[in-house]
Structures are given as C-alpha cells and as structure tokens.
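Visitor: I should like a close look at a single part of this model, set in the context of the chain as a whole. Please take the buried surroundings of one residue as the centre, and then turn to the backbone.

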Amino acid sequence: MIQPLIEPIFTDAQVPTGKVSWQSPSNIALVKYWGKKDIQIPCNPSISFTLSQSVSKTGVSYRPAEGNSYEIEFYLDGVRTEKFEEKIHTFFNTIRPLCPFIDQLHFRIDSSNTFPHSAGIASSASGMSALALCIADIERKHLGSISTDDEFYRKASLLARLGSGSACRSVYGGLVIWGEVEGIPETSNEYGVPLNEPMHEVFKTYRDSILIVDAAEKKVSSRVGHGMMNSNPFSAERFAQAGRNIQILIAAIRSGDLEAFIKITELEALTLHAMMMTSDPYFLLMRPNTLSIIEKIFDFRQQTGLPVCFTLDAGPNVHLLYPQHHEQEIKTFIANDLAVHLHNGFYIDDKVGSGPAMF
Ligand code: PMV
C-alpha cells in the first residue's frame, strides 16, 4: 500500500481553475531496472542519463470537476486518444492516496512528443514525468503543502514512478539514480535522486545517438517483461549483479574511467536482453541489424581506440554513447558504416540534458 505523505484537499470554495505546462525528457539507463515488486518498487537500483532532445510537452488545464471524482480528457497532438486516456485513468487511480485533490478536478491534458511516433521510442518516461510534474505543480500552486524545490521534485519523481518506473529518473537532469545504493544514503526505491558531485567533466556533455533499427511497436511490453523476472531462474543473481555494477559505474563516472564505463554499460545492455531470452516464455527484442551494429561498434573501437559504446533499452534500437569531443569521428562512422542498418537511415542526435522545464 502507498502511505500518503500528505493529504492536501481543497475546500469547496477553493477548487481552482488554471493551467500548468511542463516539458520533460526521456532517459536512457546505464544500469538497468528490470524486475519489480509491489507498486513499481525496483528489484535493483538503476542509473540513467537524462536526455535533451527526446522530450514530451504536456499542458494540463484544470477546473472544478462536475462529479465526485476526477474527469480526464487526453489529447495527443491535438487528437483525443482513448488508449492513453485509459492509461491516465489507471495512473490517477494509483496516485489518488497521495494527491486526493485530483478528485475535485476536471483535467484537459494536451501532450506531444518532439521525437517522431515512427521512431519506436517509448514515450512513457518523458510523458509520465511531464504529467507528474504538472500534477505536483497544481499542488504546489494551490495547496501550500510543497514549500521547497527539493520537495517539489521529489513528489513529482514519486508520482512519475507510479506511472512508469523509469519515469521517476526523468524528473532531474544529468545522471539520476533510482533505488537504494549502498554508500549513497539519500537514494530511495520510491523516487529518483540526481547523482551528486564529484562527477568527471566528460560525463556532463556525453552524447547519445539513438540508432533506429526498427520503428514497430514492441511485441512484449516492459510491464510483461518485468513480471517475467519473478520466475526467471537467474533473477536473484541478476539483481545482485546490478547492485555491484552500479557501484563500479558510479566510481567510473566520478573518476572519468571510460574503460570501466564502457565495460559496465555494454554488460548491462546485454544482460538485460539475456534476461529476456531466459524468461519463460522467452522472447527476443534485438533484430539482426541490432547485432550487426554491435559487432561494428566492437570492431570500430578496437581499430580506432575511440571510447564509443552502446546500450539498449527494451527494444531493437541502439544507443551509441560517446564523449562530445569525438562527435565528428562518430558521425562519420554512423554515416559510413551504420546507416545501412537503420530504418530509413534514421537516427536521433541526442545528448545529456539538464532535465525538465516549464513552458
Ligand atoms: O519504466 P518501464 O516499466 O518502462 O521499464 C523500463 C525498463 C528499461 O528501459 C529496459 C530499463 C530502465 O531502467 O529504463
């Protein structure tokens, strides 16, 4: 059960009318969250880069509800979209104990993504974090129950997590940890926290070229994939491994050890997919072009010595990660060697971003 932290609610005369708008980015995990308990409590800690160009923009107009519970209209790119409306109903139902005031409001939610639909990129982290920021903002504006920025982002991250686990990391810029990490006392299973300093300069401007291998919607949702970890025979060791990997990765990020960063990042990506391949029923989200790209990255790195590596999310697309100062060489590599494996030669040129913003 979710324990309510606070129970802000309007008196009848106070129920407000207004609008809040937030844009929030997607994120890419380096140490992966795969497997959960209860309500989006992760089985292991994860850490991600918040991106900059792949963003959801969400405006929420609110006014007093006509009935006794929240009312929702959801528009994607200006078109009322029932599929997402249902997801938002489920989300609002879950966050009700933490935000009882939502039952007093009618919401018109307008959302759009800066990345194309056809890119096959999940919008749940950016979309859910943008919506969570809007809900927390309504509370901050009208109820006086949130007084500091820290409280505001923490509440937004907590709400975002209940919508889509990884969304809780999109509430902050830079590198963000979700889940309890030994030696970092502020970390929590309930919300994300930004990785505090010191951090090596190279990671503050890291680049992510998202190579679109296949734009089709994935055959197995991450909700189903997480569930299969309950019966995966390797899950206990996987959760323990993630705990060790995050320690090594954080140390590498602090010291600028690119070799250790590359090793853990690629190991995590392949382990995530190994978990899918060893679930019952087993499934495969990589495509032949995913593997061709990975092999070319291995060869390119060996031949040039450049510190470029890959990660994968729960799909076939490849995130190519590299320091900003190698951008030219890597763009040439993509154009000459990798473009042939991409869906219409398409990739998204992204990088570490500074997190969400009001608009
Ligand atoms: O937040 P979800 O339920 O969509 O799961 C995300 C899972 C991965 O993207 C594969 C890993 C992660 O940590 O983001």
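Guide: In this predicted model, 75% of the contacts between residues at least 6 apart in sequence join residues at least 24 apart. The part chosen here, the surroundings of Ser-48, can be read against that background.

Ser-48 belongs to strand β4, which runs over residues 46–64. With a relative accessible area of 0%, Ser-48 falls under the 20% limit and is therefore classed as buried. Leaving aside neighbours within four places in sequence, the contacts of Ser-48 include Asn-27, Ile-28, Ala-29 and Leu-30. Arg-169, Gly-174, Leu-175 and Val-176 are also in contact with Ser-48. To Asn-27 there is, in addition, a polar contact of 3.5 Å between the two side chains.

A second buried position is Ala-242, in helix α5 (residues 235–255); its relative accessibility is 0%. Not counting residues up to four places away in sequence, Ala-242 touches Val-31, Asn-44, Pro-45 and Glu-268. The C-alpha atoms of Ala-242 and Lys-32 are 7.5 Å apart, although 210 residues separate the two in sequence.

These two residues sit in a chain of 8 helices and 14 strands. The radius of gyration is 20 Å, close to the 21 Å that the globule rule gives for 359 residues, so the chain is as compact as a globular protein of that length. The C-alpha trace spans about 70 × 45 × 40 Å along its principal axes, and 55% of the 359 residues count as buried.

The backbone deserves separate attention. Most residues other than glycine have a negative phi, and most peptide bonds are trans. Two loops depart from the latter pattern with a cis bond before proline. One such bond runs from Glu-197 to Pro-198, with omega near 5°, and Pro-198 lies in the loop between β9 (192–194) and β10 (207–211). The other joins Asp-280 and Pro-281, with omega about 5°; Pro-281 lies in the loop between α6 (258–277) and α7 (288–304).

Positive phi values occur at two aspartates. Asp-38 has a phi of about 45° and lies in the loop between β2 (36–37) and β3 (41–42), where its relative accessible area of 75% makes Asp-38 exposed. Asp-77 has a phi of about 50° and is placed in the loop between β5 (71–76) and β6 (79–80). At 48% relative accessibility, Asp-77 counts as partly exposed.

Terms used: Residues are numbered from 1 along each chain as its sequence is written. This is a predicted model: local features need pLDDT of at least 70, side-chain atom pairs count only at pLDDT 80 or more; totals for chains, interfaces and linings use all residues. Side-chain values use heavy atoms; hydrogens and water are left out. Helices (H or I, at least four residues) and strands (E, at least two) are DSSP runs, numbered from the N terminus. The radius of gyration is taken over C-alpha atoms; the globule rule is 2.2 Å times the number of residues to the power 0.38. Buried means under 20% relative accessible area, exposed over 50%, partly exposed in between (1.4 Å probe, protein chains only). Contact means heavy atoms within 4.5 Å. A polar contact is a pair of N or O atoms within 3.5 Å; within protein, one must be able to donate a hydrogen and the other to accept it, and residues adjacent in sequence count only if both atoms are side-chain atoms.
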